[in-house]
2 protein chains.
Amino acid sequence: MSSPKPEIGFCGLGAMGFGMASNLVKQGYSVTGFDVAPQSLERFKKEGGIPASSLAESAEGKPYYVCMVATAAQAQSVLFEGDKGIVKALPKGATLLLCSTVPSAYAQSVSQQLKDVGRDDIFFIDSPVSGGAARAASGTLSIMAGGSDEALEKGKFLLQEMSDAKKLFIVKGGVGAGSNMKMVHQVLAAIQILATSEAFGLAARLGLDAREVRDKVVRSEAWSWMFENRSTRVLEEDYFPGVSALTIILKDVGIITSTARLHNFPTPLSSIAEQVYFSGLAQGFGPNDDAGMVRMYYPDPVTKVNSTLPKEDASSKLNLVVCMLVGIHLCAAAESISFAKHVGLPLDQLYELAVDAAGGSIMFQECGKQMIEDLKGGESTLVASTGRRLDSIVQDMLAAVEEAQKTKCPMYLASGSLSLLLMARRGGREASAASVIDVWRV
Amino acid sequence: MSSPKPEIGFCGLGAMGFGMASNLVKQGYSVTGFDVAPQSLERFKKEGGIPASSLAESAEGKPYYVCMVATAAQAQSVLFEGDKGIVKALPKGATLLLCSTVPSAYAQSVSQQLKDVGRDDIFFIDSPVSGGAARAASGTLSIMAGGSDEALEKGKFLLQEMSDAKKLFIVKGGVGAGSNMKMVHQVLAAIQILATSEAFGLAARLGLDAREVRDKVVRSEAWSWMFENRSTRVLEEDYFPGVSALTIILKDVGIITSTARLHNFPTPLSSIAEQVYFSGLAQGFGPNDDAGMVRMYYPDPVTKVNSTLPKEDASSKLNLVVCMLVGIHLCAAAESISFAKHVGLPLDQLYELAVDAAGGSIMFQECGKQMIEDLKGGESTLVASTGRRLDSIVQDMLAAVEEAQKTKCPMYLASGSLSLLLMARRGGREASAASVIDVWRV
């Protein structure tokens, strides 16, 4: 852009929003930001931003606006709250980016509300982000954006400023498609975050050394981005406040299950994860890092387990932990992909996005592609020409859950996954691991 | 029997066994009993029983023997423990009743072990019981008995002495069939015990009066024997020690899930219940009454909820609790019946047994029959000519889970059931409620 950079309004200077807005300042934009917390405004000023004293002030005369509040309820309030809201204050033909993680139905309702209040001159983009505070600050987020062609054309430069070049995903399907893409990615995230805790809980009850568990899993087909990321915090008991609060993933999983209900679509594993998260909330773990959910499975620090198992015994038990994660991750991949198909998302794009993001896992990488090809074909023709067979995953999972039962360890996701894997076996003994996706075929 | 009554040996004078053995004494039998607890022997003597000082003494010269210990591990120990076990001491041609609740595989292994030790002269009957301590003492238990025709003929009089005339079920299929029948009945019990707690937990979070919840549910299609029975203890917080310990139902559900794994059969709801029970165990609730599981859903006494809801609001929320139980009970019926079919049990007998026992529910009564007819037909032809449609149950369940989510109440069984109900909807909008059983068709 050789012409002077346009002014940008910004609302929501929290962990993510602050980094995003500050990055735009660094890129040479004049950014007027608003937040309900005065200290955030003060900090923003020090970064070169312009603090606004009201929502209206942050929006007046700004041709571009980024809304990065925490929830749909907050977005509704800041966008449309009577005379004081952002929408009322934006100039004609402004471009509005909603970067919060919200249900797609809410994003679509914003389009409708803009019409209802006579402001469909505003170019609206539904563009949730992913990647954490550090990537927000460096302008290298993943962004999943949906909107009209016109809106996307107008807003693209801004989306590009905030995202990594390879991680800006323009999702076909208009407003709502961005939120849906984020949602199906979070299916993987929500399940795999909890699977990490479940794995460490089981490992502790089996008498395994937590560090050895980590080392083994990250070098195995049980690897997931979430396991590798969260396991560091588990080993350090770094939950207070930690990096990513339980309440955040609980909000995201709530979007998954409520949207699934809206579509009459089953999300059995996400639903199980949500219930365990609710139980964690009831234990007071809400503000703690989500890695602290391991305490739902093992009350003491898992690193305190003094492993005295003979080497061979430890090795076979470690293997059960690997098997258990593999089974869960396989089902998570199937739940994410089939839900994506159900809401009409482009599946190849989901694959490209998730395989290299926080939802990534070896199982998603290895079986996700085959699941997608299968769904495109319309009916199950999955035979294991290459890769693992469902039967082998089932046998491993049976052994893992058998052993877990002896330790009296609650295995919400593992036993839930085993049920799904067993249900999927109508495909016969030759079926590929990817054929588990048939269970979600409604 | 006009001839003198035969001598009976008895082992395991716990809550159930003491009543059973004492009842046999009252019926005029000479009963020689053994237990590891001296005070039980003392008490038994006062009831007119003959205390034995060893296992061998309780068995020597006894043509009939009843083993009523708590677990398969205990049974293995008392039956076969070297020179001191019951089997070694029993006279040639004795009849041995194993009344403990054990996996059918264990019951079958007893037959094999009798052969292996050269004692297949013993007539062995696999005959678990149900009904609680009071009915044990009055000789009106439910009994599910499997064995060879010869063994059943020899032991029948004894089974009749211990059971209600209408509740002695001779189950076709030989040794193991009795245990399997008890197991599939416990599918209903295990799910419906926890459903009671889940319902009261949700009701409390919705701000409902617990007594009104009880009154409403027991007069509705959400009725279950377990709800009616356990709700009394919930209202009185009568958990210490209560009547039926969490560890007992946890043992039974462990038999369900481990046998299901052996058969590669999915028992998703029983598995969910087991995990929540494990979490309850980790909270220290093991020795408490299983009705105390309500504390997993609502930490304070549910009777302390001071309901201030307007009458209409309370009524619609009460209705959600009813809907939630209806959905769970429907799925429990399907899981029990389909598992029974899978292990080859006579389904009409299961129906007759369970409809009038602790596993009974209105949903089992109303939809169980249709499920059984459907399974006999071999493939799904279920159309809702009469009775409820699956679609209507799904809509109700969606509303209940939606509302529960707002209260942040963990709804393990309800959300698990909703997933199963949604998976079952391949049958189309006209399908009957009973068609949910298709999900278990593996």
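Where in chain B does Pro241(B) lie? Select it and see: Pro241(B) sits in the loop between helix H11 (225–236) and helix H12 (246–262) of chain B. Keep in mind as you click around that this is a predicted model.

**Stop 1: the cis prolines**

Stay on Pro241(B) and add Phe240(B) to the selection. The peptide bond running from Phe240(B) to Pro241(B) is cis, and its omega is near -5 degrees. Now jump to chain A and pick Phe240(A) and Pro241(A). The bond joining them is cis too, with omega near -5 degrees. Pro241(A) belongs to the loop between helix H11 (225–236) and helix H12 (246–262) of chain A. For context, most peptide bonds are trans.

**Stop 2: positive phi angles**

While you're in chain A, select Glu237(A), which is also in the loop between H11 and H12. Glu237(A) is not a glycine, yet its phi is positive, at about 50 degrees. Show the surface and you'll find Glu237(A) partly exposed, with a relative accessible area of 33%.

Then hop over to Asn264(B), in the loop between H12 and helix H13 (268–282) of chain B. Here is another non-glycine residue with a positive phi, this time near 55 degrees. Asn264(B) counts as partly exposed because its relative accessibility is 22%, and the buried class ends at 20%.

**Stop 3: helix H9 of chain A**

Next, select residues 177–205 of chain A, which make up helix H9. From first C-alpha to last, these 29 residues reach 42 Å, close to the 42 Å expected at 1.5 Å a residue. Look along the helix for Gln186(A): a kink of about 25 degrees is centred there. H9(A) is mostly covered, with 28 of its 29 residues buried. After the helix comes Gly207(A), whose phi is positive, near 85 degrees.

**Stop 4: the cores**

Time to go inside. Which residues touch the most other members of the largest nonpolar core? Select Tyr277(A), Leu330(A), Met371(A) and Val436(A), then Tyr277(B), Met371(B) and Val436(B); these are the ones, in a core of 220 residues. Zoom in on Val436(B). Leaving aside residues up to four places away in sequence, its contacts include Leu330(B), Met371(B), Leu390(B) and Leu420(B). Apart from that largest core lies another, of 31 residues, with Ala21(B), Val66(B), Cys99(B) and Met162(B) among them.

For one more interior view, pick Thr95(B), in strand E5 (residues 95–98) of chain B. Buried or exposed? Thr95(B) is buried, at 0% relative accessibility. Beyond residues up to four places away in sequence, Thr95(B) touches Pro63(B), Tyr64(B), Phe123(B) and Ile125(B), among others.

**Stop 5: where the chains meet**

Zoom out and colour by chain. Chain A can be laid on chain B by a turn of 180 degrees and a shift of 0.0 Å along the axis, with an RMSD of 0.0 Å. The two copies are thus related as by a two-fold rotation axis.

Now select the contact itself: 42 residues from chain A and 42 residues from chain B. The chains bury about 3,400 Å² between them, 55% of it on carbon and sulfur atoms. To finish, highlight Arg261(A), Gln405(A) and Tyr412(A), which supply 20% of the area that chain A buries against chain B, more than any other three residues. The copies meet through the same surface, because 100% of the interface residues of chain A are also interface residues in chain B.

How values were computed:
Residues numbered from 1 in each chain as written. Chains lettered and ligands numbered in written order. Predicted model: local features only at pLDDT ≥ 70, side-chain atom pairs only at ≥ 80, totals over all residues. Heavy atoms only, no water. Helix = DSSP H or I, 4+ residues; strand = E, 2+ residues; numbered from the N terminus. Buried < 20%, exposed > 50% of the residue type's maximum accessible area, 1.4 Å probe, protein only. Contact = heavy atoms within 4.5 Å. Core = buried A, V, L, I, M, F, W, Y, C linked by side-chain atoms within 4.5 Å. Expected span 1.5 Å × (residues − 1). Bend = angle between axes of the 7 residues up to and from the residue. Least-squares fit on C-alpha atoms with pLDDT ≥ 70 in both. Buried area = accessible area lost by both parts, 1.4 Å probe.
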